[in-house]
Amino acid sequence: MMTKPIPGEPVLVLDGQKKHLVITDIHIGFESNLAQNKIFVGKNTTLNESIQKISSIIDLQNPDSLILLGDIKSGISRILKSEWDEVPEFLSAISKKTETVLIPGNHDANISRLTPDGITLISSLGMVLEDTLLTHGHTMPTENFSQVSRIVMGHVHPVFFDENSILNGQRVWVSIKTAKENIFPSGSGQLEIIIVPSFNRYFYATKKRYYKKSISPIIEKIKDVSSAKIVTLDGTIIGDESLLSSVL
């Protein structure tokens, strides 16, 4: 299966027997959390922008399916008041464009109560397409997935930090190659890990100490990285494994 980011967008194309689009970390309803800190971006900002943007990408790419890699909603342990209406509205609008698969993330507690008919909701452990495991990234894959050669995940919201660079605070793609046994003890050979940037464009900061990143057991288990690429949304390679600490 071939993988390629869509230039300028935090969207991954998986092209194999079928064509799939992969999107992660939309965090619908996050505006209410910002409002508590007196930051206002407008009601339904994420909802309306996401529906419009994703719909236009689907029209251009004509995929067989859209795979949502988790954290569709913002509330972690409960459903926020705004999410009762906004999440079903989003999922309904997108599922009318193409077949839609939802892999829950750590923010998606009880999302089955918000999922309309027509959405395929699967286990938070993830799913395998050909040689690729798709998972949110907040759980550790089991040995049942050890046959894969690639993991595609979200969860950690990679952002590049360098206060002397014009790219400071920008979302980035991260591609890592590591020994498979670091993730699957019974495995051998190399494993590629692709980290998809958050679709929510408001998830950024210009100083690392102000940016709280999620911890992933997958990333924590990587003892040795044989190589890595850090790539901006527009496709510019800006670094290798030496920059991983600046984005993860």
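Visitor: In what order do the six strands of the open sheet stand?
Guide: Welcome! Keep in mind that this is a predicted model. The six strands form an open sheet, and their pairing is mixed. Going across the sheet, the order is β1-β2-β3-β4-β5-β6.

Visitor: Which strands stand at the edges of this sheet?
Guide: Look for strands that have a single partner strand, so that one side of each is left without a neighbour in the sheet. That description fits residues 2–5 and residues 119–121, which are the strands β1 and β6.

Visitor: By how many degrees are neighbouring strands of this sheet turned against each other on average?
Guide: Here direction is ignored, and the value is an average over neighbouring strands. The turn comes to 25°.

Visitor: Do β3 and β4 run parallel or antiparallel, and which residue in β4 stands opposite Val22?
Guide: Strands of a sheet pair through backbone hydrogen bonds, in one of two ways, parallel or antiparallel. In this case β3 and β4 are joined by four bridges and run parallel. Opposite Val22, in β4, stands Ile67.

Visitor: Which element supplies the largest share of the largest nonpolar core?
Guide: That core has 25 residues, and those with the most contacts inside it are Ile26, Ile54, Leu68, Ile72 and Phe90. At least two residues each come from β3, α2, β4 and α3. The largest share is five residues, and the element supplying it is α2.

Visitor: How many residues are in the other core that lies apart from it?
Guide: You can find this other core through some of its members, among them Val156, Phe160, Phe184 and Ile193. Its number of residues is 23.

Visitor: Is His27 buried or exposed?
Guide: His27 is found in the loop between β3 and α1. Its relative accessibility is 2%, and the cut-off for buried is under 20%. His27 therefore counts as buried.

Visitor: What is the phi of His27?
Guide: Most residues other than glycine have a negative phi. His27 is not a glycine, yet its phi is positive. The value is about 55°.

Visitor: Which residue in the loop between β4 and α3 has a positive phi?
Guide: The loop to search lies between β4 (65–68) and α3 (83–95). The residue you want is not a glycine, and its phi is near 55°. It is also buried, with a relative accessible area of 1%. Its name is Asp71.

Technical notes: Residues are numbered from 1 along each chain as its sequence is written. This is a predicted model: local features need pLDDT of at least 70, side-chain atom pairs count only at pLDDT 80 or more; totals for chains, interfaces and linings use all residues. Side-chain values use heavy atoms; hydrogens and water are left out. Buried means under 20% relative accessible area, exposed over 50%, partly exposed in between (1.4 Å probe, protein chains only). A nonpolar core is a set of buried Ala, Val, Leu, Ile, Met, Phe, Trp, Tyr and Cys residues joined through side-chain atoms within 4.5 Å. Two strands pair if DSSP finds at least two bridges between them. Axes are lines fitted to C-alpha atoms, for helices over the stretch in contact, and angles run from 0 to 180 degrees between N-to-C directions.
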